[in-house]
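This briefing introduces one protein chain to a reader who has not seen it before. Please look over the sequence and the structure first, then read the points below.

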Amino acid sequence: MLKKSVSLACLLLSISVAPAWAKVSEFTLDNQMKVVVKEVHRAPVVVHQVWYRVGSNYEHNGKTGISHMLEHMMFKGTKTLAPGEFSKRVAQMGGQENAFTSSDYTAYYQMLGKQHLEEVMRLESDRMRNVVLTDEEFIKERDVVTEERRWRTEDKPIGKLYEQFNAAAFVNSPAHHPVIGWMSDIRNWTADDARHWYKQWYAPNNATLVVVGDVKAEEVLELAKKYYGRYQAEEITPVKPQIEQEQQGERRLLLKAPTKTSYMLMGFHAPTLVTAKDDKEREEVFALEVLSAILDGDEASRLSKNLLRDQKIVASVGAGFSPTDRLQTLFTFHAVPSAEVKPEQVEKAIWKEIETLQNEPVSDQELQRVLAQAEAQYIYHQDSIQAQANIIGSLVSVGLAVDTLEHWTENLRKVTPEQIQAVAKKYLQQDKMTMATLLPNGEDPQQTSNMPKGGFH
């Protein structure tokens with residue numbers, strides 16, 4: 001089974017329009033489990049997801065990656081199901097299933113014919129409280145995760161660079177740690193660590209059920225009461241805040257590894273809709289989102305047009321921002337310098353683009369193009385009930401309202417060229433930059449193996 005377990009990178013949370021979100025229904029069971037249902041009747045298909053509010057940002061030193069490890073163990077059977085039987089049952093129903101762990105949450109999902117919704121809900125609810133975590137299965141799966149980390153990070157220079165980049169950018173925030181965990185922590189986990197994590201976080205009052213598809217909300221609610229409502233709420237102790245210290249000068253790191261091409265990462269601390277202290281900072285988050293789209297929204301965006309096609313100094317380039325992270329995030333730039341081009345030249349070119357944004361307001365024509373392009377992306381997302389469920393689950397799991405997306409375009413359209421200039425000046429400063437550079441060390445690149453057939457379970 002392929003598990004997209006280390007990150008949830010494609011939430012598709014971009015710029016949106018409202019009408020398609022009008023039929024979302026929200027409920028809370030007596031045990032405080034949240035239930036969100038969106039009726040989409042275009043095909044007799046349903047997506048069933050359970051989101052737990054726990055991920056790597058809830059972990060501490062020595063236990064990094066334990067959320068991800070528990071995700072693996074959730075397929076090892078319950079008091080009534082043998083290891084692997086859950087997946088086998090879903091396959092027999094003709095369904096598809098998967099799971100993923102991110103910094104902010106862990107989610108399990110199935111997509112299948114609507115006639116199987118009750119059965120899959122019965123199976124998934126069984127995993128909420130009845131998973132059996134044996135020492136024998138834990139040790140075997142720990143080796144699997146070790147191999148997964150080696151495949152994703154240890155043997156991939158760019159993966160290693162991202163890991164070191166985050167560790168440099170975040171000193172005391174949990175974002176310092178990789179979602180999969182540090183290798184030394186992985187090798188020292190015990191089955192008791194996973195059992196404790198399961199007992200601590202996998203409870204109905206720490207979970208959200210999301211169902212999107214050809215269903216009726218009231219019928220889903222009755223099924224949720226029948227299967228998830230049978231469990232008692234547990235005491236969930238919130239983690240103590242680990243707020244990132246203020247950066248007081250640029251940070252740089254250099255990684256040399258067997259690679260043919262250089263790679264660069266630049267990052268700047270930035271607020272999110274969750275961490276924003278007031279309305280003004282929330283407006284800045286939307287301005288940063290528009291800024292990101294101007295730099296890297298499509299082929300006509302500034303980085304692609306100026307650095308890739310006009311100057312030809314990069315083989316690839318981009319910018320990114322995650323406006324709905326639970327903790328402080330990064331506004332990032334990444335680039336692969338063209339052959340014979342030094343990373344310093346690319347860094348200088350990126351800074352020139354930043355300074356242009358700081359000194360010259362974007363035109364209304366460019367702003368409207370970016371918004372129109374992003375609106376089109378959102379419309380395409382409506383073809384996927386999985387994407388719609390992902391957005392709902394991710395928003396609710398970090399504490400944002402379900403209708404956050406409903407008002408997304410409305411908020412973006414309030415952003416002015418002056419606000420874009422202001423956030424470029426405020427957040428994209430030299431003294432607030434973390435810079436990571438990958439350079440070839442002269443050795444031949446290692447042969448990258450394919451992910452083992454069947455994934456890591």
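**Records and domains**

An unreviewed UniProt entry places the feature "domain: Peptidase M16 C-terminal" at residues 188-373. The model shown here is predicted. The domain assignment of the protein chain gives two domains, with bounds of 24-228 for domain 1 and 251-440 for domain 2.

**Spans named in the record**

- Residues 188-373 are 41% helix and 20% strand. The C-alpha atoms at the two ends of this span are 48 Å apart.
- The unreviewed UniProt entry also places a feature "domain: Peptidase M16 N-terminal" at residues 35-179.
- For residues 35-179, helix makes up 43% and strand 19%. Here the end C-alpha atoms lie 26 Å apart.

**How the two domains meet**

- The centres of domain 1 and domain 2, taken over C-alpha atoms, are separated by 28 Å.
- Contact between the domains involves 37 residues of domain 1 and 37 residues of domain 2.
- The size of an interface is often given as the accessible area lost when the parts come together.
- Between them, domain 1 and domain 2 bury about 3,100 Å², and 69% of this is on carbon and sulfur atoms.
- On the domain 1 side, the residues that lose the most area to domain 2 are Pro 157, Leu 161 and Phe 165. Together these three account for 21% of what that side buries.

**Polar links between the domains**

- Nine residue pairs are in polar contact between domain 1 and domain 2, counting pairs with both residues at pLDDT 80 or more.
- The count of salt bridges between domain 1 and domain 2 is one.
- Arg 326 and Asp 104 form a salt bridge through their side chains, at 3.8 Å from N to O.

**The domain 1 side of the interface**

- Several elements give two or more residues to the side of domain 1 that touches domain 2, including strand 1 (24-28), strand 3 (45-52), strand 5 (106-113) and helix 5 (157-169).
- Helix 5 gives the most to this side, with 10 residues.
- The residues of this side divide into 24 nonpolar, six polar and seven charged.

**Salt bridges in the whole structure**

- The structure holds 30 salt bridges.
- One salt bridge joins the side chains of Glu 234 and Arg 129, at 3.2 Å from N to O.
- This pair links distant parts of the chain, with the two residues 105 residues apart. Glu 234 is in the loop between helix 8 (217-227) and strand 7 (251-257), and Arg 129 is in helix 3 (residues 117-129).

Terms used
Residues are numbered from 1 along each chain as its sequence is written. This is a predicted model: local features need pLDDT of at least 70, side-chain atom pairs count only at pLDDT 80 or more; totals for chains, interfaces and linings use all residues. Side-chain values use heavy atoms; hydrogens and water are left out. Domain bounds come from an automatic or database domain assignment. Contact means heavy atoms within 4.5 Å. Buried area is the accessible area (1.4 Å probe) that two parts lose on being put together, summed over both. A salt bridge is a side-chain nitrogen of Lys or Arg within 4 Å of a carboxyl oxygen of Asp or Glu. A polar contact is a pair of N or O atoms within 3.5 Å; within protein, one must be able to donate a hydrogen and the other to accept it, and residues adjacent in sequence count only if both atoms are side-chain atoms. Helices (H or I, at least four residues) and strands (E, at least two) are DSSP runs, numbered from the N terminus. Ala, Val, Leu, Ile, Met, Phe, Trp, Tyr, Cys and Pro count as nonpolar, Asp, Glu, Lys and Arg as charged, and the others, Gly among them, as polar. UniProt positions are given in the numbering used here, feature names are shortened, and annotations may be inferred rather than shown by experiment.
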